[in-house]
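Ready for a few exercises at the bench-side screen? Take each task in turn, try it with the structure open, and then read the worked solution.

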Amino acid sequence: MLENDVVMVVDDSSSIRQIITATLRTHLYCRNILQAASGKEALELIEKNERIDWILSDWEMPRMGGDELLLKIRQHPKTKTVPFIMITSRKDRDSLITAAQAGVTDYLIKPFTAAALTEKIRKVAISLERRAHSRFIAETTNKVRITFKNGFTVEGGVDNLSETGALFKTPLFR
């Protein structure tokens, strides 16, 4: 699945980097893996390499943590759209919100299994593929009414369509 992609693994623990690397090679057939022990080292590798297709990063590291790395990645023209999966033991609501606001693509809680990491990457890849399909933007407002199984109905408009889905905009409700 990642045969032709360049994946950067960032974690201050060499054993965690090795586990992630082995999973990428064995389950996702990834051949191009860069490793960094801190956010600072990751940024240096980004400058030296032509392309980075995925970043898998720990949160808590010396010199520069994953949260700060994520903010810098999202500001960097070469990496601002690169999928970034935060792999961390932090599972509190505030950390999840902080990561989401910084632009994390997805989040994986430690300890994790090879199957969980593989599934997370596949899920993100499918989502990115869906977003990449051609979209047809509505030129006029097309009203829709969506009724859920429980009978709740919402009205809105079709914003755009693609081969894999549609975006309907409705007023915000609670």
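## Warm-up: the whole chain

Of the 174 residues of the chain, 40% count as buried. Keep in mind that this is a predicted model.

**Exercise 1.** Work out how many helices and strands the chain has, and in what order they come.

*Solution.* Start by counting: the chain has five helices and eight strands. Next, read along the sequence, where the pattern is β-α-β-α-β-α-β-α-β-α-β-β-β. Then look at the overall extent: the C-alpha atoms fill a box of roughly 55 × 35 × 30 Å along the principal axes. Finally, consider the contacts between residues at least 6 apart in sequence: 57% of them join residues at least 24 apart.

**Exercise 2.** Find the salt bridge of Lys 110 and say which parts of the chain the pair ties together.

*Solution.* Side chains of opposite charge can pair when their charged atoms come close. The cut-off to apply is a nitrogen-to-oxygen distance within 4 Å.

- Step 1: the partner of Lys 110 is Asp 11, with the closest N and O atoms 3.0 Å apart.
- Step 2: Lys 110 sits in the loop between β5 (106-109) and α5 (114-132), and Asp 11 in the loop between β1 (6-10) and α1 (14-28), so the salt bridge ties together parts 99 residues apart in sequence.
- Step 3: check the surroundings of Asp 11, which is buried at a relative accessible area of 2%.

**Exercise 3.** Compare two further salt bridges, those of Asp 53 and Arg 145, and then look for a network.

*Solution.* Asp 53 pairs with Arg 51, the closest N and O atoms being 2.7 Å apart. Arg 51 is partly exposed, with a relative accessible area of 40%. For Arg 145, the partner is Glu 155, and the closest N and O atoms are 2.3 Å apart. This pair links strand β6 (residues 135-147), which holds Arg 145, to strand β7 (residues 153-162), which holds Glu 155, and the two residues are ten apart. Arg 145 counts as exposed at 58% relative accessibility, whereas Glu 155 is partly exposed at 47%. As for the network, salt bridges with shared partners join Asp 11, Asp 58 and Lys 110. Counted by the 4 Å rule, the total is seven salt bridges.

**Exercise 4.** Which residues of helix α4 are buried, and which exposed residues lie on the face turned away from them?

*Solution.* Begin with the buried residues of α4 (residues 93-102): Ser 95, Ala 99 and Ala 102. They cover an arc of only 65 degrees around the axis, so they lie on the same side of α4. Now turn to the other face, which carries the exposed residues Arg 93, Asp 94, Ala 100 and Gln 101. The cover over the buried residues includes α3 (66-75) and β5. One last stop comes just after α4, where Gly 103 takes a positive phi of about 105 degrees.

**Exercise 5.** Is Pro 83 buried or exposed, and what is it in contact with?

*Solution.* First locate Pro 83: it is in the loop between α3 and β4 (84-88). Its relative accessible area is 8%, and the cut-off for buried is under 20%, so Pro 83 is buried. Now set aside its neighbours within four places in sequence; the contacts of Pro 83 are then Asp 53, Trp 54, Ile 55, Arg 74, Thr 105, Val 124 and Leu 128. Here Asp 53 turns up again, the partner of Arg 51 from Exercise 3. To finish, check a C-alpha distance: Pro 83 and Asp 106 are 8.1 Å apart in space and 23 residues apart in sequence.

Note on methods:
Residues are numbered from 1 along each chain as its sequence is written. This is a predicted model: local features need pLDDT of at least 70, side-chain atom pairs count only at pLDDT 80 or more; totals for chains, interfaces and linings use all residues. Side-chain values use heavy atoms; hydrogens and water are left out. A salt bridge is a side-chain nitrogen of Lys or Arg within 4 Å of a carboxyl oxygen of Asp or Glu. Helices (H or I, at least four residues) and strands (E, at least two) are DSSP runs, numbered from the N terminus. Buried means under 20% relative accessible area, exposed over 50%, partly exposed in between (1.4 Å probe, protein chains only). Contact means heavy atoms within 4.5 Å. The arc is that of the directions from the helix axis to the C-beta atoms.
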